[in-house]
Amino acid sequence: MTSLDEAPVPRGQLVVHELAGEAIVFVPESGDLHHLDPSATLVWKRLAPGVPLRQIATEIAAATGTDAGRVQADVLALVERLGQIGLLRRIGDPIPGERTPA
Amino acid sequence: MRTPPSPVTASATSRPLPGSASPGDALGHRFHVVTECTDPALQNRLAAVVSPLAADVEPEVTYSVTPTGSGRYRLSCDERTVCADRGPGMTARFLAWHLNRNAVASARPQHTVLHAAGARRADSTVVLAAPMGCGKSTTVAGLLAHGWDYITDEAVAVRREDLRITPYPKALSLDPGSWRLFPRAKPSWADRDDRQWQVPAAALGARDALEPAAPTIVVLPRFTGTGATCARRVGSAEAVTRLARCTFGFPDGGVDDLTVLVRIARTCPVYSVEIADLASAVRCIERLAEEVA
């Protein structure tokens with residue numbers, strides 16, 4: 001269960017292209033190709049270390065004039081989905097391909 | 001260097017293979033076909049496949065066709081069997097299939113290869129990208145009958161360095177559902193046992209597009225056969241994902257192929273076109289191409 005206090009970030013080794021406000025995310029190791037719609041792309045571009053989801057939702061709500069509670073719910077659902085398909089890592093998660101300490 | 005197209009007609013496809021060896025070039029797959037068979041039913045069908053790709057090249061691969069008895073044949077590629085004990089029509093289809101497969105493999109190091117048809121007129125280059133059975137060959141044949149030049153009906157090879165398409169003017173493969181639309185393309189040798197016509201573009205009154213050119217419009221066709229033909233502009237990101245599904249070897253080509261698809265989606269409009277009938281599809285695509293131009 002994702003919380004608004006978390007600050008997940010895009011996992012490494014992704015190839016991302018933005019076209020007309022929509023993102024294409026390619027995972028070279030699996031060959032998976034994902035298409036993010038404009039709303040998802042808006043969130044995706046704000047994911048960064050130390051930036052909690054609550055802050056991202058607040059910024060988007062302010063920028064779009066949308067109800068903050070609804071944006072928070074949408075952001076959580078999206079991040080949950082992005083996590084399920086393996087596009088995110090939480091700070092502290094091992095980075096794919098990185099050797100973990102013995 | 002591809003030789004200039006000769007004025008091949010449907011009836012001219014009936015001519016036998018020139019001598020016992022006919023060199024050709026399929027996107028860099030340089031081959032020749034050797035047969036000692038004199039059966040016109042076989043020779044005509046092989047010639048229909050090979051003649052559009054005829055080129056003055058040094059062949060690197062030898063296809064040989066040998067009789068196995070009772071009007072049946074074995075097709076081998078460098079002594080490896082491609083098919084055995086098949087009639088003339090199926091032997092020719094296996095040759096066409098094997099040439100396609102090797103053409104794509106040959107092109108991929110320098111190209112991103114789309115499962116697509118292509119045609120060119122003036123400054124417009126249209127790419128029709130779709131999986132098998134969506135109407136690519138029929139639609140491009142319709143464009144050729146309306147004065148467009150032929151690029152291919154199977155594999156659009158986009159050069160990664162400049163997005164230009166290397167022509168692959170193989171014979172069009174027309175399935176029975178299309179035959180009534182192009183009666184003049186019927187090969188003189190066709191009979192009731194043929195399940196596909198191999199038709200040179202010239203048989204539709206078209207020329208080959210000899211010069212590489214970048215696509216100016218991409219169409220994602222889907223034959224519905226009902227209602228009205230309609231077009232919808234596809235967003236660039238959706239276009240990339242849909243073109244990826246039509247890219248030979250994706251995702252093995254990885255980032256290189258993806259980069260090409262992104263560049264195509266950024267530089268030319270992409271339309272999804274639901275096709276009710278050929279005539280309206282050709283009108284629709286021509287209108288879209290004119291708007292882009």
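This tour goes from the contact between two chains to the pocket and the enclosed cavities of a predicted model.

**Stop 1: the interface**

Start by colouring chain A and chain B separately, then select the residues where they touch. You should pick up 10 residues from chain A and 14 residues from chain B. Together the two chains bury about 1100 Å², with 81% of that area on carbon and sulfur atoms. If you go looking for salt bridges across the interface of chain A and chain B, the count is zero. A search for polar contacts between the chains turns up one residue pair, with both partners at pLDDT 80 or more.

Now stay on the chain A side and show its strands. Two or more residues each come from β2 (15-19), β3 (22-27) and β4 (32-36) of chain A. Put β2(A) in a bright colour, since this strand gives the most to the side touching chain B, with four residues. Coloured by class, the chain A side splits into five nonpolar, three polar and two charged residues.

**Stop 2: the largest pocket**

Next, move to the largest pocket, whose volume is about 1000 Å³. To centre your view, select B:Met132, B:Ser137, B:Ser173, B:Asp175 and B:Gln196, which are the closest to the pocket's centre among the 37 residues that line it.

Which elements of chain B give two or more residues to this lining? Select α2 (88-107), α3 (136-145), β11 (172-174) and α4 (176-179) of chain B to see them. Of the elements, α2(B) gives the most, with nine residues. The pocket lining is a mix of 15 nonpolar, 13 polar and nine charged residues.

**Stop 3: the cavities**

Finally, turn on a clipping plane and look inside. Over the whole structure, there are two cavities of 30 Å³ or more.

The largest cavity holds about 40 Å³ of space. To find it, select B:Val49, B:Leu53, B:Ala96, B:Leu99, B:Asn100, B:Tyr168, B:Lys170, B:Ala171 and B:Gln198, the residues that line this cavity. You will meet α2(B) again here, as the element that gives the most to the cavity lining, with three residues. By class, the lining has six nonpolar, two polar and one charged residues.

The last selection is B:Arg120, B:Ile151, B:Ile165, B:Pro167, B:Ala209, B:Glu211, B:Pro212 and B:Ala213, around the second largest cavity. Its volume is about 30 Å³. How do the residues of this lining divide by class? Six are nonpolar and two are charged, with no polar residues.

Key
Residues numbered from 1 in each chain as written. Chains lettered and ligands numbered in written order. Predicted model: local features only at pLDDT ≥ 70, side-chain atom pairs only at ≥ 80, totals over all residues. Heavy atoms only, no water. Contact = heavy atoms within 4.5 Å. Buried area = accessible area lost by both parts, 1.4 Å probe. Salt bridge = Lys/Arg side-chain N within 4 Å of Asp/Glu carboxyl O. Polar contact = N/O pair within 3.5 Å; in protein donor to acceptor, adjacent residues only side chain to side chain. Nonpolar A, V, L, I, M, F, W, Y, C, P; charged D, E, K, R; others polar. 1 Å grid on protein atoms, 1.4 Å probe; cavity = no way out; pocket = protein on both sides within 12 Å on 5 of 7 lines; lining within 4 Å. Points joined across faces, edges and corners; volume = space filled by probe spheres on them.
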